[in-house]
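Open the model in your viewer and keep the sequence panel beside it. Each stop below names something to select and then says what is there.

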Amino acid sequence: MVELDHTFSTGKPLDYNWDAILDLDRVIPCVEGGSVIERTSPESSKAEIVVKMGAMSMTFRGTVDIVERDDEAHRAVLRVKSKDTGGQGFANADVAFTITDGGGSIHTSAQISGKAASMGEGVVQTVLDALVNDFTQKLATI
């Protein structure tokens, strides 16, 4: 299990940031290598992400669901469940967003298995950290 905490700034108002986080068609492509395959409901999408770890490139395919939503506190949890399309591994994560005026914070709790996990926890944490940092920069543009 890898746990990461990040803050981000968008320079945009609270309501705009809240709507953006809850719009899976907008938020999923903010993840490097992420794309929406099919929107299955307002709270659920089938998605794919291509992750580069050193010389390896892996494609994970699965679902992204909004599993918690507190409109008053502006807190939402997105649950990612995915499998490595080229192997036996998986990458699952709960990503908790707390939105504020001008930005917010993200807590990521991820479980990785298979080839990605065999790279070692330090590598996995570094790759995830870079993905989340890149994601927070892209949030400011959506």
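Start with helix α4. It gives the most residues to the lining of the largest cavity, namely six. This is a predicted model, and the stops that follow move from this cavity out to the sheet and back to a pocket.

**Stop 1: the largest cavity**

Where is the centre of the largest cavity? Select Val-31, Ile-49, Val-80, Ala-93 and Leu-131, which lie nearest the centre among the 34 residues of its lining. Besides α4 (121-139), the elements that give two or more residues to this lining are β3, β4, β5, β6 (90-100) and β7 (103-112). The space in the largest cavity comes to about 660 Å³. Colour the lining by class and you should count 25 nonpolar residues, six polar ones and three charged ones.

Rolling a probe the size of a water molecule over the atoms shows where empty space is left. Over the whole structure, such a search finds two cavities of 30 Å³ or more.

**Stop 2: the second largest cavity**

Now select Phe-8, Thr-10, Tyr-16, Asn-17, Ala-20, Ile-21, Leu-139 and Ile-142, which line the second largest cavity. Its volume is about 50 Å³. Which element supplies the largest share of this lining? Helix α1 (residues 14-22) does, with four residues. The lining of the second largest cavity has six nonpolar residues, two polar ones and no charged ones.

**Stop 3: the sheet**

Switch to a cartoon view and select the strands. Seven strands form an open sheet in the order β1-β7-β6-β5-β4-β3-β2, and the pairing is antiparallel. Why do β1 and β2 each have one side without a neighbour in the sheet? β1 (2-9) and β2 stand at the edges, and each has a single partner strand, so one side of each is left free of a neighbour in the sheet. On average, neighbouring strands here are turned by 25 degrees against each other, direction ignored.

Strands of a sheet pair through backbone hydrogen bonds, either parallel or antiparallel.

**Stop 4: strand β3 and its two partners**

Select residues 44-53, which make up strand β3. Is this strand mostly covered or mostly open? It is mostly covered, since seven of its 10 residues are buried.

Add β2 (residues 34-41) to the selection. β2 and β3 run antiparallel and are joined by six bridges. The hairpin between β2 and β3 passes through two residues. To follow the pairing, find Ser-41, whose bridge partner in β3 is Ser-44. Then find Arg-39, which stands opposite Ser-45 in β3.

Next, add β4 (residues 56-70) on the other side. Here 10 bridges join β3 to β4, again in an antiparallel arrangement. Ser-44 appears once more: in β4 it stands opposite Asp-65. β3 and β4 also form a hairpin, with two residues between them. Gly-54 is in that turn and has a positive phi of about 65 degrees.

**Stop 5: His-74**

Most residues other than glycine have a negative phi, and most peptide bonds are trans. Select His-74, in the loop between β4 and β5. Although His-74 is not a glycine, its phi is positive, at about 55 degrees. Is His-74 buried or exposed? His-74 has 15% relative accessibility, and the cut-off for buried is under 20%, so His-74 counts as buried.

**Stop 6: the largest pocket**

Select Glu-32, Gly-33, Val-50, Val-51, Lys-52, Thr-126, Val-127, Ala-130, Leu-131 and Asp-134, which line the largest pocket. Its volume is about 190 Å³. Both β3 and α4 supply at least two residues of the lining, and the largest share, five residues, comes from α4. By class, the lining of the largest pocket divides into five nonpolar, two polar and three charged residues. Leu-131 is one of the residues lining this pocket, and it is also among those nearest the centre of the largest cavity.

**Last stop: confidence**

Finally, colour the model by pLDDT. The mean for the protein is 93, and 100% of its residues reach 70 or more. Among the elements, strand β5 (residues 75-84) has the highest mean, 97, and helix α3 (residues 115-118) the lowest, 85. Where pLDDT is low, the predicted coordinates should not be read in detail.

Technical notes:
Residues are numbered from 1 along each chain as its sequence is written. This is a predicted model: local features need pLDDT of at least 70, side-chain atom pairs count only at pLDDT 80 or more; totals for chains, interfaces and linings use all residues. Side-chain values use heavy atoms; hydrogens and water are left out. Buried means under 20% relative accessible area, exposed over 50%, partly exposed in between (1.4 Å probe, protein chains only). Two strands pair if DSSP finds at least two bridges between them. pLDDT is the predictor's confidence in each residue, from 0 to 100. On a 1 Å grid over the protein atoms alone, a cavity is a set of points where a 1.4 Å probe fits but cannot get out, and a pocket is an open set with protein on both sides within 12 Å along at least five of seven lines; lining residues have an atom within 4 Å of a point. Grid points are joined across faces, edges and corners, and a volume is the space filled by probe spheres set on the points. Ala, Val, Leu, Ile, Met, Phe, Trp, Tyr, Cys and Pro count as nonpolar, Asp, Glu, Lys and Arg as charged, and the others, Gly among them, as polar. Axes are lines fitted to C-alpha atoms, for helices over the stretch in contact, and angles run from 0 to 180 degrees between N-to-C directions.
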